Amino acid sequence: MMTAPIWGRCLRAIVVREGLRFVHQRERFFAALVRPLVWLGIFAVGFRAVLGLSIIPPYETYILYEEYVVPGLIGMIQLFNGMQSSLSMVYDREMGSMKTLLVSPLPRWYLLVCKLLAGVLVSVVQAYVFLAVAWFWDVRPPPLGYVAALPALLLGGLMLGALGLLLSSFIKQLENFAGVMNFVIFPMFFASSALYPIWRIREGSPVLAWVAELNPFTHAVELIRFALYLDVNATAVLVVAGCLALFLGGAILAYDPGRGFWARRAGPAEQGGG
Amino acid sequence: MAVPAEVPVLEVEGLSHRFGERKALDGVSFAIPAGRFVALLGLNGAGKTTLFSLITRLYNNQTGGIRVFGVDMRRHPARALARIGVVFQQPTLDPDLTVLQNLRYHGGLHGLSSKRITESTREELTRIGLADRADERVRSLSGGQRRRVEIARALLHRPDLLLLDEPTVGLDIELRRQVLDHVHALCRERGLAVLWATHLIDEAWADDGVVVLHRGRVLAAGPVAELRAEADGVSLGEAFGRLTAAAAPRGGAP
């Protein structure tokens, strides 16, 4: 029978492997760290003068643009991380190494959840490293905010990771991945509250503001923003949790051995190797 | 768990599978008892990979049954999968991780305890003569060594059935012989049941079993000697050629 220690060992094995892979892929490690720093150190400084911010919740005073953009950049870290996991799912599937995961006797939904958790833990570590660097940039949320941010980072990371998993089931080949990035990452990032508050977007385009309000990424960012300043955004919690359930459910269906795409189409090895 | 001697380790019965219009497998049936090496012979496109995907439950079978020690794969996938070790056609070790890290990952996926993983890893690596390379990255191993590590990995959870999908692809003649010897020895010494997919006729030895798969159908299944006897004592290659030629002209509509 499948007992609790067996489930635990499986989860641990997947988390350890994901962690080792992250550490070994130096380029990925540095890219993940440098990307938000470029935004913070260059974009945010240049943008500070362009964008006037009023006092909006959860902030209680006037803030510099750098302070506003930090939660958005954490969201970006998690968004990229989710897509990175998606990319590695497609890659593993194409290279055949995913099969070693799938022949585990544990149920497939559990294996997917383990994969998801492992990816999220990596993204949470990245987020805290970034927060530490931002602290030297004088972006200093209240000390307890760093603790309060943890559940928000986990929930937001899970939602974006689940989106990546779901997308990976639609991507048939590695070559199609760049297209998905263009159609998912960039619109999600720019049409959100990550870089500018929604009331600012509304001044420019009410339609875009409406899109941003519907964008789950906006809610992941707001969730983190509020938590960092010891506040709770209930709408964000509900939207992010709802989207997580939706995306994860979809991914589990897509990877199901009876219903999913595995059963409907032959893999690349099928056509070549027979 | 005591298993009656007559229950085969692997039993495939009436297995059919289609991808849309294309029928990849059509009424496939055969069985493998303990301690038997069975070569699954078939040309490219015969349906070998589809058959492997179904036995490893990459996806569910649509019709027919797959049983491991009498345990139905669809009804109790966890129990059935726990007794199977698989070596896939494509290399699946993580080249950036060490041999040990790769093996520990696999052991964890099967829910083995840390202690047991350590024991099994030492045992399997010693068997293949790579115990002293455990902490090296897989990248630094040769192709033949990687293959042997993959076989060691498949045996880590002590399965009763070992599946290998064209495991000698990309190996030179000498390494091919080594891997083949190694797996035959496992069969004899451990009573492991082996299903070895290949399109290389000479990988089936004289006292092995053979399943001839052609365009998704089993043309013949049984001991190599029997197959040759039925074909008036010609070589296995000749017998295979006659069977597939008689079945359907190559290049016709599927």
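Start by selecting helix α3 of chain B, residues 99-109, in this predicted model. Ten of its eleven residues are buried, so the helix is largely enclosed by the rest of the structure. Colour the buried ones: Val99(B), Gln101(B), Asn102(B), Leu103(B), Arg104(B), Tyr105(B), His106(B), Gly107(B), Gly108(B) and Leu109(B). What covers them? Show α4 (114-127) and α5 (143-155) of chain B, then add α1 and α4 of chain A, since the cover includes elements from both chains. Before leaving, click on Gly111(B), just after α3(B), where phi is positive at about 75°.

**Across to the other chain**

Next, display the contact between the two chains. Chain A brings 31 residues to it and chain B brings 38 residues. On the chain A side, select α1 (4-24), α4 (98-102), α12 (261-264) and α13 (268-273), each of which supplies at least two residues. Which of these gives the most? It is α1(A), with nine residues. Coloured by class, the chain A side shows 16 nonpolar, eight polar and seven charged residues.

**A helix pair in chain A**

Stay in chain A and select α3 (residues 65-95) together with α6 (residues 143-170). Their axes are 8 Å apart and make an angle of about 30°, and the two helices are therefore roughly parallel to each other. The crossing of α3(A) past α6(A) is right-handed. To see the meeting faces, show side chains on α3(A), including Gly75(A), Gly82(A), Met83(A) and Met89(A), and on α6(A), including Gly156(A), Gly157(A), Leu160(A) and Gly164(A). By class, this contact has eight nonpolar, ten polar and no charged residues.

**Two loops flanking that pair**

Go to the loop between α2 (26-48) and α3 of chain A, where you will find Pro58(A). The peptide bond from Pro57(A) to Pro58(A) is cis, with omega near 10°. Then move to the loop between α5 (108-136) and α6 of chain A and click on Asp138(A). Asp138(A) is not a glycine, yet its phi is positive, at about 70°. Is Asp138(A) buried or exposed? It counts as exposed, because 9 C-beta neighbours lie inside 10 Å. Both stops are worth a pause, for a general reason: most residues other than glycine have a negative phi, and most peptide bonds are trans.

**Back in chain B: an enclosed strand**

Select strand β3 of chain B, residues 37-41. Five of its five residues are buried, so the strand is largely enclosed by the rest of the structure. Phe37(B), Ala39(B) and Leu41(B) point one way, while Val38(B) and Leu40(B) point the other way. Add the neighbouring strands: β3(B) pairs in the parallel sense with β8 (residues 193-198) over five bridges, and with β9 (residues 209-214), also in the parallel sense, over four bridges. Leu41(B) is a handy marker here, standing opposite Thr198(B) in β8(B) and having Val212(B) as its bridge partner in β9(B).

**Two arginines to finish**

Pick Arg57(B), in the loop between α1 (48-55) and β4 (63-68) of chain B. Its phi is near 55°, a positive value in a residue other than glycine. Arg57(B) counts as buried, because 23 C-beta neighbours lie inside 10 Å.

Last, select Arg83(B), in the loop between α2 (77-81) and β6 (84-87) of chain B. With 18 other C-beta atoms within 10 Å, Arg83(B) is partly exposed. Leaving aside residues up to four places away in sequence, Arg83(B) touches Val68(B), Phe69(B), Pro159(B), Asp160(B) and Leu161(B).

Terms used. Residues are numbered from 1 along each chain as its sequence is written. Chains are lettered from A and ligands numbered from 1 in the order in which they are written. This is a predicted model: local features need pLDDT of at least 70, side-chain atom pairs count only at pLDDT 80 or more; totals for chains, interfaces and linings use all residues. Two residues are in contact if their C-beta atoms, placed from the backbone, lie within 7 Å. Ala, Val, Leu, Ile, Met, Phe, Trp, Tyr, Cys and Pro count as nonpolar, Asp, Glu, Lys and Arg as charged, and the others, Gly among them, as polar. A residue is buried if 20 or more other C-beta atoms lie within 10 Å of its own, exposed if 12 or fewer, and partly exposed in between; C-beta atoms are placed from the backbone. Two strands pair if DSSP finds at least two bridges between them. Axes are lines fitted to C-alpha atoms, for helices over the stretch in contact, and angles run from 0 to 180 degrees between N-to-C directions. Angles under 35 degrees count as roughly parallel, over 145 as roughly antiparallel, 65 to 115 as roughly perpendicular and the rest as oblique. A crossing is left-handed if the near helix is turned anticlockwise from the far one by less than a right angle, and right-handed if clockwise.
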